[in-house]
Amino acid sequence: RDNEKSRELKRIYENKCQVCNHRIQKPNNDYYSEVHHIWPLGKKPVGGDDDCENMLVLCPNHHAEFDYGVIKITKDKENIIDEDKNTRKIFFREDHIIAQKNIDQQFEDNVK
């Protein structure tokens, strides 16, 4: 998905992954990143919202780890936690708030 909201979020994070701070530079000198919807848009019966309160800017590796439930954002929104209960910081700008309902939803299912 590449809509105005996701492009703006990528811009404010300078296409840097919120987990590892890495960004991918393409041969044309543009940068590549992906936007992850914490609560998947197509989830049944009701999908998540397509807004910045449900989005993260990630590298492809961390995007896949979130998609498969390997890592999740902790309920306090300060860290990510993996399957072994190891935690590490996740970076958020002050003006980027994730809605609590999206954080809570990721703990309801283990895999999309």
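In this predicted model, His-96 is buried, with just 3% relative accessible area. That value counts as buried because the cut-off is under 20%. As for where it sits, His-96 belongs to the loop that runs between β7 (87-89) and α3 (100-105).

So who keeps His-96 company? Setting aside neighbours within four places in sequence, the residues in contact with His-96 are Leu-9, Tyr-13, Gln-18, Cys-52 and Met-55. Two of these partners also turn up in polar terms. The side chain of Tyr-13 makes a polar contact of 2.6 Å with the side chain of His-96, and a polar atom of the His-96 side chain lies 3.1 Å from the backbone oxygen of Met-55. Pro-45, on the other hand, is 51 residues from His-96 in sequence and 27 Å from it in space, going C-alpha to C-alpha.

Leu-9 leads on to helix α1, which spans residues 4-12 and has Ser-6, Leu-9, Lys-10 and Ile-12 as its buried residues. Looking down the axis of α1, these buried residues fall within an arc of 165 degrees, so they line one face of the helix. Over on the other side of α1, Glu-4 and Arg-11 are exposed. The cover over the buried residues of α1 includes the strands β3 (34-37) and β4 (55-58).

The ends of α1 are worth a look too. At the N-terminal end, Asn-3 acts as the cap, with a side-chain oxygen 3.0 Å from the backbone nitrogen of Lys-5. Just past the helix, Glu-14 adopts a positive phi of about 55 degrees.

Notes:
Residues numbered from 1 in each chain as written. Predicted model: local features only at pLDDT ≥ 70, side-chain atom pairs only at ≥ 80, totals over all residues. Heavy atoms only, no water. Buried < 20%, exposed > 50% of the residue type's maximum accessible area, 1.4 Å probe, protein only. Helix = DSSP H or I, 4+ residues; strand = E, 2+ residues; numbered from the N terminus. Arc of directions from axis to C-beta. Contact = heavy atoms within 4.5 Å. Polar contact = N/O pair within 3.5 Å; in protein donor to acceptor, adjacent residues only side chain to side chain.
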